[in-house]
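Here's a quick briefing to read alongside the model. Have the sequence and the 3D view open, and we'll go through it topic by topic.

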Amino acid sequence: MEYEKPFLYIDTNFAKDEALMTYMAFKSYDFEILGMSTADGEMNPVLAAENIVGLSTEEGLFLPVAAGKPFRDYHHLDKEIFTTSKDYIETMPAYENIIDKAEDCGRLDIITTGRLTNIAKALDEAPEIEDYISHIFILGGETDGRVSGNFMDDPEAVDKILNSSIDLFLLPFEIANDPLLSDEMIAKLYGKDKNLDTILDEFKNKPLENRLLKAPLLLYLTQAPEAFIFEESGFGVITSDLEGEVGSLYRSNSRKKNYRVTRVNEEAFYDFLLGSL
């Protein structure tokens with residue numbers, strides 16, 4: 001029987017760890033990327049989309065990339081890292097890009113590193129695509145620790161997705177913030193590829209504690225869930241400060257069980273990272 005690659009959609013920004021994840025995804029043969037969109041983050045989502053298009057064309061890919069809406073006036077990472085005149089971001093909104101790709105393939109996996117606004121809007125506008133999305137891999141989701149900023153910014157979107165029938169994997173920041181890109185790893189990777197070097201340059205000038213690998217770890221979760229330990233539970237999210245800290249999760253027996261990471265094999269992740277690059 002011929003192996004069929006999973007169909008993948010990525011909703012992200014273009015901070016350095018997200019840029020590295022995007023580069024790794026472009027290099028992978030383990031799945032087929034159908035499209036991408038950008039959520040607000042450390043970079044304006046329009047500029048983030050333009051950087052992703054620039055990187056994708058550098059890699060010989062021409063993907064439909066749509067920009068989400070900015071939720072703030074200032075983004076401290078705004079700069080052109082990759083540019084191109086060979087392709088352009090889509091004119092459609094990010095949520096429409098998600099709807100199109102879900103309807104096209106009928107069994108889509110989604111990776112999302114930012115607020116869940118684009119995905120929730122897609123489900124609002126086209127509820128039928130819930131049946132076409134197999135898994136969503138989400139960065140964020142503390143229950144007993146610091147609240148995820150992307151959950152705090154749009155808790156209603158989080159609540160909609162947590163209340164869906166889609167299988168969800170949550171990677172909390174308290175786990176994702178542990179792996180770091182060391183000087184030794186940068187030295188091993190540097191000089192192999194000019195696009196990778198451009199991304200590594202974004203890491204090199206940062207102190208070690210700021211060289212987080214959150215987004216690559218989320219990509220690893222899609223490829224090797226056996227390297228993670230999970231809490232299996234139903235989850236809800238607090239949407240009003242009258243109920244508690246907005247964006248924080250609570251366990252709920254009335255909701256479908258999903259998977260929240262509690263531990264990861266970091267050594268195996270570093271092997272994956274170096275092997276993928």
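Buried here means under 20% relative accessible area, exposed means over 50%, and partly exposed is anything in between. By that yardstick Asp167, with a relative accessible area of 28%, is partly exposed. Keep in mind that this is a predicted model. The salt bridges come up first, then helices, a charged patch and a few separations through space.

**Salt bridges across the chain**

- How many salt bridges does a search of the whole structure find? The count comes to 16.
- As general background, side chains of opposite charge can pair when their charged atoms come close.
- Lys256 and Asp167 pair up through their side chains, with an N to O distance of 2.5 Å. Lys256 sits in the loop between β9 (249-251) and β10 (258-264), while Asp167 is in strand β6 (residues 167-171), so this salt bridge ties together parts that are 89 residues apart in sequence.
- Neither end of that pair falls under the buried cut-off of 20%: Lys256 is partly exposed at 31% relative accessibility, and Asp167 is partly exposed at 28%.
- Glu174 and Arg260 form another salt bridge, and their closest N and O atoms are 3.1 Å apart. Glu174 belongs to helix α7 (residues 173-176) and Arg260 to strand β10, so to speak distant parts of the chain, 86 residues apart.
- Is each partner in that pair buried or partly exposed? Glu174 is partly exposed at 38% relative accessibility, whereas Arg260 is buried at 5%.

**A salt-bridge network**

- Asp40, Arg72, Arg115 and Asp153 are joined into one network by salt bridges that share partners.
- One of the links is the salt bridge between the side chains of Asp40 and Arg115, at 3.8 Å from N to O. Asp40 is in the loop between β2 (32-38) and α2, and Arg115 is in the loop between β4 (108-112) and α4, so the pair ties together parts that are 75 residues apart in sequence.
- Asp40 is buried, with a relative accessible area of 5%, and Arg115 counts as buried at 5% too.

**Helices and what they cover up**

- Helix α10 (residues 214-223) is mostly covered, with nine of its ten residues buried. Which ones are they? The buried residues are Lys214, Ala215, Pro216, Leu217, Leu218, Leu219, Tyr220, Leu221 and Thr222.
- In helix α6 (residues 155-162), the buried residues are Pro155, Ala157, Val158, Ile161 and Leu162. Looking down the axis of α6, these buried residues fall within an arc of 160 degrees, so they line one face of the helix.
- The general background is that an α-helix has 3.6 residues a turn, so residues three or four places apart point the same way.
- Helix α2 (residues 45-58) contains Val53, which is buried with a relative accessible area of 2%.
- Helix α8 (residues 183-189) is home to Met185, and Met185 is buried as well, with a relative accessible area of 9%.

**A negative patch**

- Which residues form the negative surface patch? They are Glu96, Asp100, Glu103, Asp104, Glu128 and Asp131.
- Glu128 lies in the loop between α4 (117-125) and β5 (133-139). Glu128 is partly exposed, with a relative accessible area of 38%.

**Loop residues**

- Phe71 is in the loop between β3 (65-67) and α3 (94-105), where it counts as partly exposed at 47% relative accessibility.
- Glu226 is in the loop between α10 and β7 (228-233). At 67% relative accessibility, Glu226 counts as exposed.

**Sequence versus space**

- Val53 and Asp87 are 34 residues apart along the chain, and their C-alpha atoms are separated by 6.8 Å.
- Phe71 and Asn97 are 26 residues apart along the chain, with 19 Å between their C-alpha atoms.
- Glu226 and Ile33 are 193 residues apart in sequence and 22 Å apart in space, C-alpha to C-alpha.
- Met185 and Leu8 are 177 residues apart along the chain, with their C-alpha atoms separated by 27 Å.

Note on methods:
Residues numbered from 1 in each chain as written. Predicted model: local features only at pLDDT ≥ 70, side-chain atom pairs only at ≥ 80, totals over all residues. Heavy atoms only, no water. Buried < 20%, exposed > 50% of the residue type's maximum accessible area, 1.4 Å probe, protein only. Helix = DSSP H or I, 4+ residues; strand = E, 2+ residues; numbered from the N terminus. Patch = residues over 30% accessible without salt bridge, like charges linked within 9 Å, V, L, I, M, F, W, Y side chains within 5 Å. Areas by Shrake-Rupley, 256 points an atom, 1.4 Å probe, with all protein chains shown as cover. Salt bridge = Lys/Arg side-chain N within 4 Å of Asp/Glu carboxyl O. Lys, Arg positive; Asp, Glu negative; His and termini not counted. Charge placed at Lys NZ, Arg CZ, Asp CG, Glu CD. Arc of directions from axis to C-beta.
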